[in-house]
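This report introduces a structure to a reader who has not met it before. The sequence and the coordinates are displayed first, and the description follows.

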Protein chains: 2
Amino acid sequence: MPKRASMSDVARVAGVSLTTASRALNGVGRVSAETRARVIETAERLQFQPDMLARSFVTGRSFIVGVLAESARGRFSMPLIMGATNYLGRENIAAVTLDARGTPRILNDYLKRLRARRIDGLLVVGDDPNRASLVLSEDFAVPVVFASSSATPETDYVVAPDNRGAGRAAAEYLIGLGRRNIAHVTAAVHDPAVDARVDGFTEAMRSAGMPIAMGGPLYGSYLQRWGTAAGERILDSMAGGQPVDAIFAANDEIAIGLFAAFHRHGVRVPDDIAIVGYDNRLAGVMRPDHPLSTFDPDLSTVGERAAERLLQAIGGTTTPGIHYVQPTFVEGRSTIGPTLEPYDIL
Amino acid sequence: MPKRASMSDVARVAGVSLTTASRALNGVGRVSAETRARVIETAERLQFQPDMLARSFVTGRSFIVGVLAESARGRFSMPLIMGATNYLGRENIAAVTLDARGTPRILNDYLKRLRARRIDGLLVVGDDPNRASLVLSEDFAVPVVFASSSATPETDYVVAPDNRGAGRAAAEYLIGLGRRNIAHVTAAVHDPAVDARVDGFTEAMRSAGMPIAMGGPLYGSYLQRWGTAAGERILDSMAGGQPVDAIFAANDEIAIGLFAAFHRHGVRVPDDIAIVGYDNRLAGVMRPDHPLSTFDPDLSTVGERAAERLLQAIGGTTTPGIHYVQPTFVEGRSTIGPTLEPYDIL
DNA sequence: CTGAAAGCGCTTACAG
DNA sequence: CTGAAAGCGCTTACAG
């Protein structure tokens, strides 16, 4: 096979100096239009492809970024990383994907390696609030973007799902459906994603002048079991004369647990109680006719935006601050009917 | 901040030539033990980190590989790609992740770019049988490893889940449980994964001298709906005097569809009919006590092994051929009880 | 607008 | 065992 054409081959054939060829091909510096055209034509004819290794060497830009995950196996991280690396690939940027598995020692090791790799930037994926400071304390010389749902100082580049917006949207949606006694069943306090959703939900309820049913958010876990337990509690309360006609659940597992409790007691969804979940992780597993109304945080888009932001930061065309990605609402039978039966879900 | 030490800094400080420093640091060529020790000590003292960009430039090894997915969004591809990129990251290899989205034009574009990137190798993820020939016809100059469940010529490097082995194991497991009338409900013929599972299952049944219930595999789709339809058919057949006491389903959706049909007709699982699924995609979504017996193809391990294989191929330490990854069996209530109820699943 | 030349930081024949 | 020198393929002051 014929050796690849180098830029000096192009220069020689086009009858110009290497300098001029470089300038013409990169569209930088003054080159007469005709010279430029001739060089470009020659390059195409010779099927010239610039050697990125040489270019990297001389410019110091590696066209490689680091993607550092707190835990790559997490449900949160995987689609996010995929979204990011896909975007990067499309932009012809390579990624060194590293999984710190929550261990600072591993993290520091990795940071050292990334430096030797001369990466152009770093994308940090995860929710560990300590991570940020760790990385920054290393005073990494390249831009760092955080893709995370936890709050991070406004001095960093951050991309995150809008949990607060989702909480607000959930309340507004249920109010719009005419529901008047809306509860919120959520996971543990101090989980930043939980807190943000609670805040948004509370805000929207207050704006509508509506108290939160059950006296406020019910805190528990992300497990279906908790959804069922919360459901029992709500049924008790209803038996005691406290009406509940809609629930915003912090994830789909809780939503299904609630439904299970209600169905066992003959309470119909959505006829008696409408349920909105969060995550849409069960899409593709659940039946295709959308049994559950839920919010899809669109994590691969979060990853994509974070990667885009990183390239902008490298290019100096963005400023620090947090960018939110709006979760998409997926409307399903748990709020608009017809009445759900157990086998309608899976 | 002080400039990074270069190799010539190390050489100067250690009082040796650049040549010797390079040899000592890379452990190549003859260098006296004391010289080597001195150089290494000096390098450590100066915190020398070799510039990988320079090394790549001169050696032509980019320490970057391409990861080309037929469709990165596919359920199959995502964990596989994550497994691969994680392994690569640990080995300090960057990846350009590209999603051809089934389009040959995009594919060829990407291959051109990867060449300009001077990648060290290529990992192709996906099941499209045309993909392989496409890539190879480009006579890519670097090693190519296929991570795929479709059959590929023995002249390539291939890593794939052992579908045949899983089919065999499913039959043997159900036979071992004492079941005697075992059916197989699967998806479409000519899907390579389906065919391999059918082959393995058929083989094990034949070895045990047992006919396949229902006269042979029941072909349909991967949808839960098909599982339910197949369940109805099996119930009819049972009503007609043809016993069935176990089923191997081609995926978990089918398994759940089967269960739904049986439960509606008062047929108990596993008491009357044991069910084994495939995929374990619902782990983490289903209840934690393993409602469903199923095979986990361990796709991230497939990706990991494929990446490992790619690095071996680049290093010349492996030979072409197919390596299988054994799916892991996850035992659950659908085969060992107690009797499953609808809400036990999700 | 164009070109000769230096230089990026390594590896590796080649010669001793 | 050790070293002087060439060279990898580009970019970019510097000089014209």
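## Protein surfaces and DNA strands

In this predicted model, the surface near DNA strand D is made up, by class, of 10 nonpolar, 10 polar and 6 charged residues. In total, 26 residues surround DNA strand D, and the closest are S22(A), T19(B), T20(B), R30(B) and T35(B). Of the atoms of DNA strand D that come within 4 Å of the protein, 52% belong to sugar and phosphate. Both chains contribute helices here: α2 and α4 of chain A, together with α2 and α4 of chain B, each supply at least two residues of the surface near DNA strand D.

DNA strand C is likewise surrounded by 26 residues, the closest being T19(A), T20(A), R30(A), T35(A) and S22(B). Sugar and phosphate make up 51% of the atoms of DNA strand C that come within 4 Å of the protein. The surface near DNA strand C comprises 10 nonpolar, 10 polar and 6 charged residues. At least two of its residues come from each of α2 (18-26) and α4 (52-59) of chain A and α2 (18-26) and α4 (52-59) of chain B.

Individual atom pairs between protein and DNA are listed below.

| DNA atom | Protein atom | Distance |
|---|---|---|
| Phosphate oxygen, DNA strand C | Polar backbone atom of S32(A) | 2.9 Å |
| Phosphate oxygen, DNA strand C | Polar backbone atom of M7(B) | 2.9 Å |
| Base oxygen, DNA strand C | Side-chain N or O atom of T19(B) | 3.3 Å |
| Phosphate oxygen, DNA strand D | Side-chain N or O atom of S22(A) | 2.6 Å |
| Phosphate oxygen, DNA strand D | Side-chain N or O atom of N26(A) | 3.0 Å |
| Phosphate oxygen, DNA strand D | Polar backbone atom of S32(B) | 2.9 Å |

S22(A) is thus listed twice in this account: it is among the closest residues to DNA strand D, and its side chain has an N or O atom 2.6 Å from a phosphate oxygen of that strand. For T19(B), the partner on DNA strand C is a base oxygen, while this residue is also among the closest to DNA strand D.

## How the two chains meet

Chain A is superposed on chain B by a rotation of 180° with a shift of 0.1 Å along its axis, at an RMSD of 0.2 Å. The two copies are therefore related as by a two-fold rotation axis. Because 100% of the interface residues of chain A are also interface residues in chain B, the copies meet through the same surface.

The contact involves 62 residues of chain A and 63 residues of chain B. About 5200 Å² is buried between chain A and chain B, and carbon and sulfur atoms give 56% of this area. Between the two chains, 11 residue pairs are in polar contact. Several elements of chain A each supply at least two residues of the side that touches chain B, namely α4, α5 (77-90), β2 (94-99), α6 (104-116), α10 (224-239), α11 (252-264) and α12 (299-315). The largest share of that side, 8 residues, comes from α5(A). By class, the side of chain A that touches chain B holds 30 nonpolar, 14 polar and 18 charged residues.

Across this interface there are 2 salt bridges. One salt bridge joins the side chains of R118(B) and D51(A), with an N to O distance of 2.3 Å.

Note on methods. Residues are numbered from 1 along each chain as its sequence is written. Chains are lettered from A and ligands numbered from 1 in the order in which they are written. This is a predicted model: local features need pLDDT of at least 70, side-chain atom pairs count only at pLDDT 80 or more; totals for chains, interfaces and linings use all residues. Side-chain values use heavy atoms; hydrogens and water are left out. Copies are superposed by least squares on the C-alpha atoms of residues with pLDDT of at least 70 in both. Contact means heavy atoms within 4.5 Å. A residue is near a molecule or strand if one of its heavy atoms lies within 4 Å of it. A polar contact is a pair of N or O atoms within 3.5 Å; within protein, one must be able to donate a hydrogen and the other to accept it, and residues adjacent in sequence count only if both atoms are side-chain atoms. Helices (H or I, at least four residues) and strands (E, at least two) are DSSP runs, numbered from the N terminus. Ala, Val, Leu, Ile, Met, Phe, Trp, Tyr, Cys and Pro count as nonpolar, Asp, Glu, Lys and Arg as charged, and the others, Gly among them, as polar. Buried area is the accessible area (1.4 Å probe) that two parts lose on being put together, summed over both. A salt bridge is a side-chain nitrogen of Lys or Arg within 4 Å of a carboxyl oxygen of Asp or Glu.
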